[in-house]
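Visitor: Hi, could you walk me through this one? I'd like to look at loops, rings, cysteines and a pocket.
Guide: Happy to, let's bring it up.

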Amino acid sequence: MNSASDRLSPGLGSPDNPLRVAIVGSGPSGFYAAEALLKLPLTVSVDMIERLPVPFGLVRHGVAPDHPKLKQAALVFDKIAQSPGFRFIGNKTVGQDLTLAQLRASHHAVIFASGAESDRRLDIPGEDLPGSHTATAFVGWYNGHPDHRDAQFDLSREVAVVIGQGNVAIDVARILSKPVDELRKTDMAAHALDVLAESRVREIHVIGRRGPAQAKFTNKELRELGDIPGCRCETPLANLDLNAESTTELDDKTNFVAAKNVEILRLWAHDPSMAAGRRIVFHFLQAPVRIHGDGRVRQMVLERNRLAGAPFAQQAVGTGDTATLPCDLVFRSIGYRGRAIPGVPFDEIRGVIPNDGGRVAGCPGVYVVGWIKRGPSGIIGTNRADAVATVQGLQADLAQCDPSPKPGAVGLFGPQAVQIAGAVSYADWQRIDTEEQRRGALVDKPREKFTRVADMLACAATR
């Protein structure tokens with residue numbers, strides 16, 4: 001049986017007629033898609049289009065500064081970017097500077113790897129009071145993301161609430177509770193270090209609507225909280241009563257991460273990590289129903305939940321019993337969702353581009369990878385297999401692809417596409433990268449990021 005590449009119209013994927021693919025987004029899923037494309041037994045040209053002047057997505061702007069090993073994925077992406085046939089086009093926004101129609105006309109295929117850039121809402125009264133924030137804004141702020149550079153966080157109050165049961169909620173709690181001197185030698189943005197140095201937050205409550213057996217923390221990140229100097233981790237014992245279905249879940253040998261999480265939480269219930277000035281308290285089976293305040297957050301009303309359903313399919317159901325938790329800050333970390341792009345189908349309920357195995361519904365030649373494909377799940381490495389699967393589908397579809405030569409970036413920007421006016425090339429990014437590392441070395445940090453687009457562009461222009 002012939003492979004898809006054997007059935008191609010003559011010439012497509014040859015040196016004289018490269019398979020041209022535009023990838024929208026330069027995070028992990030985008031780079032893994034580029035890697036998979038460039039490994040095909042074809043001549044492939046990849047144009048990666050990014051709205052910011054800098055690449056790497058969540059590896060740069062989402063991974064916590066005090067977790068530098070996770071940032072090493074950027075070294076892999078850098079090698080991919082050095083491959084023949086790869087071009088980075090930064091500072092160009094699809095849906096604003098470019099349209100999907102233009103990309104389809106200039107390329108044989110388009111892959112959206114635009115991630116999930118916005119947060120899901122609680123949809124409760126008081127959610128938008130001053131002092132109530134999204135985790136995305138806070139993480140972007142301390143990571144120097146230009147979209148959140150000017151966000152304001154009043155850390156002069158003592159009690160913060162973090163809503164969520166995943167690693168981002170853990171990141172927020174850890175950054176709020178960690179001694180700032182331990183963060184000064186990371187690549188955390190200088191403006192965030194200045195604010196955190198003056199923080200008076202002393203009590204952080206992490207709230208989950210389901211039980212401890214359903215929490216999505218990874219063991220390493222959860223355990224790490226217990227090692228923070230001057231911070232005490234606690235779990236009220238009543239929060240650890242498990243129903244029969246949760247016990248069944250923990251008995252499943254494939255569910256060892258959840259079992260270890262519960263073990264850690266039980267340890268903190270019986271023997272808190274240490275007596276100290278700051279404390280992190282975990283609460284389960286509680287859901288926020290209202291936030292009260294007199295011009296800013298003052299308290300949160302929580303409803304007690306119970307679990308209903310079979311093992312591994314349990315849902316939180318409200319009981320009607322409520323309690324009030326005084327607080328000064330709220331950080332919402334209940335999941336991410338993608339943003340609609342003009343001209344591209346979008347599922348408003350799920351927050352993804354509708355697709356079948358990576359093929360965008362009703363758009364031949366258009367594909368998706370990563371969180372905009374499947375929703376916000378998995379770790380950085382999860383995106384590699386996901387991208388490979390989409391590229392395999394793209395390869396299988398090439399027999400039906402128009403074999404006519406496509407101009408690629410030249411068709412979008414003219415014959416001077418290598419030096420596109422207003423765009424940032426990979427060489428330009430390397431200048432930004434070098435300068436950030438130089439600035440960081442002056443203050444004993446891995447890098448001091450540029451946090452404003454204008455400053456990035458000014459550095460990139462110093463050819």
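Guide: First a term: helices (H or I, at least four residues) and strands (E, at least two) are DSSP runs, numbered from the N terminus. Also keep in mind that this is a predicted model.

Visitor: Good. Where does asparagine 91 lie, then?
Guide: Asparagine 91 is in the loop between E3 and helix H4 (100-106). Its phi is positive, about 70°, although asparagine 91 is not a glycine.

Visitor: Why is a positive phi worth pointing out?
Guide: Because most residues other than glycine have a negative phi.

Visitor: Which other residue has a positive phi of about 70° although it is not a glycine?
Guide: Phenylalanine 312 has one, again about 70°. Phenylalanine 312 belongs to the loop between strand E12 (297-308) and strand E13 (315-326).

Visitor: Switching to rings. How many aromatic pairs does the count come to?
Guide: The count comes to 17 aromatic pairs. In one of them, phenylalanine 31 and phenylalanine 77 have ring centres 5.1 Å apart and planes at 15°, so this pair is stacked.

Visitor: Which parts of the chain does that pair link?
Guide: Distant ones: phenylalanine 31 is in helix H1 (residues 28-38) and phenylalanine 77 in helix H3 (residues 73-81), 46 residues apart.

Visitor: Buried or exposed, phenylalanine 31 and phenylalanine 77?
Guide: Both phenylalanine 31 and phenylalanine 77 are buried. They also belong to a cluster, where ring pairs link Phe31, Tyr32, Phe56, Phe77, Phe86 and Trp429.

Visitor: And what about phenylalanine 88 and tyrosine 426?
Guide: Those two form an edge-to-face pair, with 6.2 Å from centre to centre and 85° between the planes. Phenylalanine 88 sits in strand E3 (residues 86-90) and tyrosine 426 in helix H14 (residues 426-441), so to speak from distant parts of the chain, 338 residues apart.

Visitor: Are those two rings buried or exposed?
Guide: Phenylalanine 88 is buried because its relative accessible area is 3%, under the 20% cut-off. Tyrosine 426 is buried as well, with a relative accessible area of 8%.

Visitor: What lies over the face of phenylalanine 450?
Guide: Arginine 439 does, at 4.3 Å from the ring centre.

Visitor: On to cysteines. How many disulfides does a search of the whole structure find?
Guide: It finds 0 disulfides.

Visitor: Why is there no bond between cysteine 233 and cysteine 231?
Guide: Because their sulfurs are 5.0 Å apart, which is too far for a bond; a disulfide needs the sulfur atoms within 2.5 Å. The sulfur of cysteine 231 is the closest cysteine sulfur to that of cysteine 233. Cysteine 233 is buried, with a relative accessible area of 0%.

Visitor: How far is the nearest cysteine sulfur from cysteine 327?
Guide: It is 18 Å away, in cysteine 231, and cysteine 327 is in no disulfide. Cysteine 327 is buried too, at a relative accessible area of 1%.

Visitor: Now the second largest pocket. What volume does it have?
Guide: Its volume is about 540 Å³. There are 23 residues in the lining, and Lys71, Gln72, Ala74, Asp187 and Arg447 lie nearest the centre of the pocket.

Visitor: Which elements give two or more residues to that lining?
Guide: Helix H2 (58-61), H3 and H14 do. The largest share, 5 residues, comes from H14.

Visitor: How do the lining residues divide into nonpolar, polar and charged?
Guide: The lining has 10 nonpolar, 4 polar and 9 charged residues.

Visitor: Back to loops before we stop. Where is proline 354 found?
Guide: Proline 354 is in the loop between strand E15 (336-337) and strand E16 (355-356). With a relative accessible area of 25%, proline 354 is partly exposed. Its C-alpha is 11 Å from that of glycine 375, and the two are 21 residues apart in sequence.

Visitor: And serine 377, where is that found?
Guide: Serine 377 is in the loop between helix H11 (371-374) and helix H12 (382-397). Serine 377 is partly exposed, with a relative accessible area of 34%. Its C-alpha is separated by 9.4 Å from that of tyrosine 336, 41 residues apart along the chain.

Notes: Residues numbered from 1 in each chain as written. Predicted model: local features only at pLDDT ≥ 70, side-chain atom pairs only at ≥ 80, totals over all residues. Heavy atoms only, no water. Phe/Tyr/Trp six-rings, centres within 6.5 Å; stacked < 30°, edge-to-face > 60°. Buried < 20%, exposed > 50% of the residue type's maximum accessible area, 1.4 Å probe, protein only. Lys NZ or Arg CZ within 6 Å of the ring centre and 35° of its normal. 1 Å grid on protein atoms, 1.4 Å probe; cavity = no way out; pocket = protein on both sides within 12 Å on 5 of 7 lines; lining within 4 Å. Points joined across faces, edges and corners; volume = space filled by probe spheres on them. Nonpolar A, V, L, I, M, F, W, Y, C, P; charged D, E, K, R; others polar.
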